[in-house]
Amino acid sequence: YLTPAAAELLKEIGEDFQARTEEAGLAKCRVVVTSVLRTKEDVRRLAAVNGNASKNSAHCYGTTFDISYYRFKTCGRASWNVYDDRLMELLADVLAEKREAGLCYVRFEKQQHCFHITSRK
């Protein structure tokens, strides 16, 4: 679950990313969301195995989600995972624009292969 503003941000990121893939002549792909809302218990368990986990995680408030920069899903009937550095770069460009517009905070998480995004609305 996400707040309405965070859900709208995620939708816009997905749409902008798909437009970028088409402009680049790449197959239309979807982003893969790897984490959304977490309970305090989820955070406690995660902290035991993940050094990035925080007791006061932004994921507990429905304003934060993680998007993989390593895995993408192709669109269409036959869907499969795609691994392509060009897709990561396109996603990073979309996120940089959203951040520069003051819509979100973005953190690159190397260990988890994802972008950690928090809505500012």
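In the predicted model, helix α3 spans residues 85–100, and its 16 residues carry the chain over 22 Å from the first C-alpha to the last, close to the 22 Å expected at 1.5 Å a residue. Six positions are listed here by name as buried in α3, namely L87, L90, L91, V94, L95 and K98. Viewed down the axis of α3, the buried residues fall within an arc of 135 degrees, so they line one face of the helix. The face of α3 that is turned away from this buried side carries D85, E89 and E100, which are exposed. After α3 the chain reaches G102, a residue with a positive phi, near 80 degrees.

A positive phi is also found at H113, with a value of about 55 degrees, although H113 is not a glycine. This histidine is placed in the loop that lies between β4 (104–109) and β5 (114–119). The relative accessibility of H113 is 38%, and H113 therefore counts as partly exposed, since that class lies between the limits of 20% for buried and 50% for exposed residues.

A search of the whole structure for aromatic pairs returns 4 of them. In the pair formed by F17 and F72, the ring centres are 5.2 Å apart and the planes stand at 15 degrees, so the pair is stacked, the cut-off for this class being under 30 degrees. The two partners come from distant parts of the chain, with F17 in helix α1 (residues 4–23) and F72 in strand β2 (residues 64–74), at a separation of 55 residues. F17 and F72 are both buried. Elsewhere in the aromatic set, Y69, F108 and F115 form one cluster.

At the level of the whole fold, the protein chain contains 3 helices and 5 strands, and from the N terminus on these elements follow one another in the order α-β-α-β-β-α-β-β. Among the contacts in the protein chain with a separation of 6 or more, 60% are accounted for by residues 24 or more positions apart; the stacked pair of F17 and F72, whose members are 55 residues apart, likewise links distant parts of the chain. The protein chain has 121 residues, of which 37% count as buried. The area that the protein chain exposes amounts to about 7400 Å², and carbon and sulfur atoms supply 50% of this area.

Conventions: Residues are numbered from 1 along each chain as its sequence is written. This is a predicted model: local features need pLDDT of at least 70, side-chain atom pairs count only at pLDDT 80 or more; totals for chains, interfaces and linings use all residues. Side-chain values use heavy atoms; hydrogens and water are left out. Rings of Phe, Tyr and Trp (its six-membered ring) pair if their centres lie within 6.5 Å; planes under 30 degrees apart count as stacked, over 60 as edge-to-face and the rest as tilted. Helices (H or I, at least four residues) and strands (E, at least two) are DSSP runs, numbered from the N terminus. Buried means under 20% relative accessible area, exposed over 50%, partly exposed in between (1.4 Å probe, protein chains only). The expected span of a helix is 1.5 Å times one less than its number of residues. The arc is that of the directions from the helix axis to the C-beta atoms. Contact means heavy atoms within 4.5 Å. Accessible areas come from the Shrake-Rupley method with a 1.4 Å probe; for residues, only the protein chains shown count as cover.
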